[in-house]
Structure formats: structure tokens, C-alpha cells
Amino acid sequence: YALVWPDAPPLTIVDAAAALRDGRVFAAVISSHVPATAAPARPTSKGSFKRAAGPLATLSAAPCDEDGALSNVRAVLRALHELGVPFATSRADETDYAPALYGATARELLLLALHLHSSLPHL
């Protein structure tokens with residue numbers, strides 16, 4: 001986590017479910033496998049952008065409220081979708097799964113962790 005976002009406050013995990021729920025741990029795992037997902041936009045000398053920012057570039061490092069955490073979870077889900085390994089438990093969830101994931105149980109968060117464990121090494 002500290003290698004990907006060095007300016008962020010340290011991430012101390014006391015409760016695993018709470019730490020996973022806000023998306024920061026999942027974002028760090030994704031960006032460690034695919035660094036471009038956390039890369040900022042790269043401007044050219046003429047002011048246009050050579051490369052768009054990665055979906056995790058605007059991640060809220062320390063979300064203190066539900067909106068920040070939901071934004072992080074949406075960024076994680078967007079990154080997974082862009083990488084071709086989307087995560088949702090049913091077809092209905094594909095529209096906006098972030099609120100369900102934010103309120104998920106530890107078991108459901110473990111499913112996402114297993115999904116990342118099986119998908120990311122192959123990218």
C-alpha cells in the first residue's frame with residue numbers, strides 16, 4: 001500500500017472486513033499487479049494527454065465517510081472491468097455493485113479476494 005501511495009497515511013489493519021470494505025486494500029493489490037491502473041494522466045508538451053489516468057489514480061487514500069469508500073469501491077470495480085476480469089455476484093449487480101460490496105460480509109469480501117487471487121496473476 002505504501003509503495004503505491006507513498007503520501008497516504010499508513011494503513012493499519014485491525015479488522016480485516018472493515019479494511020477490505022473501503023477498497024484501499026483491493027486497490028493496492030490490483031495496482032501492484034497492473035501499475036498502470038494507479039498511474040496519473042500523462043500530459044504532453046502541448047497540454048493534451050498522452051495517456052488517461054488509471055481508474056485507481058484518484059483513489060481516496062483515507063476515506064472517512066461512506067461516500068469516499070463507495071468512490072474507492074467503484075474505482076476498484078471499474079479497474080477490474082477495464083482489465084477484463086469484472087466482479088459481480090449476479091447480472092443485476094453489474095449496474096452498480098459498489099453499495100452491495102461496501103455493505104458486504106467478510107465472507108463476500110473473501111470472494112472478491114479469491115477472485116483477485118485467481119485472476120490477477122494471469123494479466
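## A first look at this protein chain

The accessible surface of the protein chain comes to about 7,400 Å², and carbon and sulfur atoms account for 57% of that area. Keep in mind as you look around that this is a predicted model. Of the 123 residues in the protein chain, 37% are buried.

**The overall layout**

The secondary structure of the protein chain consists of 5 helices and 2 strands. If you walk along the sequence, these elements appear in the pattern α-α-β-β-α-α-α. How far apart in sequence are the residues that touch? Among contacts in the protein chain between residues at least 6 apart in sequence, 55% join residues at least 24 apart.

Here are the helices you will meet below.

| Helix | Residues |
|---|---|
| α1 | 16–21 |
| α2 | 24–33 |
| α3 | 66–83 |
| α4 | 98–102 |
| α5 | 106–119 |

**Helix α3 and what covers it**

Let us turn to helix α3. Its 18 residues, at 1.5 Å a residue, should span 26 Å, and the C-alpha atoms at its ends are 26 Å apart, so the expected span and the model agree. The buried residues of α3 are Gly68, Ala69, Leu70, Asn72, Val73, Ala75, Val76, Leu77, Ala79 and Leu80. What covers these buried residues? The cover includes α1, α2, α4 and α5. After α3 comes Gly84, whose phi is positive, near 85°.

**A closer view of Ala75**

Ala75 is a good residue to pick out in your viewer; you will find Ala75 in helix α3. Is Ala75 buried or exposed? Its relative accessibility is 4%, and because buried means under 20%, Ala75 counts as buried. Leaving aside neighbours within four places in sequence, Ala75 is in contact with Pro55, Leu56 and Leu59. Leu59 is 16 residues away from Ala75 along the chain, and the C-alpha atoms of the two are separated by 7.1 Å.

**Where α2 meets α5**

Two of the helices that help cover α3, α2 and α5, also meet each other. Their axes come within 11 Å and cross at roughly 5°. Angles under 35 degrees count as roughly parallel, and α2 and α5 are therefore roughly parallel to each other. Which residues make this contact? From α2 come Phe26, Val29 and Ile30, and they meet Leu109, Leu112, Ala113 and Leu116 in α5. By class, this contact has 7 nonpolar residues, with no polar and no charged ones.

Definitions and conventions:
Residues numbered from 1 in each chain as written. Predicted model: local features only at pLDDT ≥ 70, side-chain atom pairs only at ≥ 80, totals over all residues. Heavy atoms only, no water. Axes fitted to C-alpha atoms, helices over the stretch in contact; angles between N-to-C directions. Helix = DSSP H or I, 4+ residues; strand = E, 2+ residues; numbered from the N terminus. Parallel < 35°, antiparallel > 145°, perpendicular 65-115°, else oblique. Contact = heavy atoms within 4.5 Å. Nonpolar A, V, L, I, M, F, W, Y, C, P; charged D, E, K, R; others polar. Expected span 1.5 Å × (residues − 1). Buried < 20%, exposed > 50% of the residue type's maximum accessible area, 1.4 Å probe, protein only. Areas by Shrake-Rupley, 256 points an atom, 1.4 Å probe, with all protein chains shown as cover.
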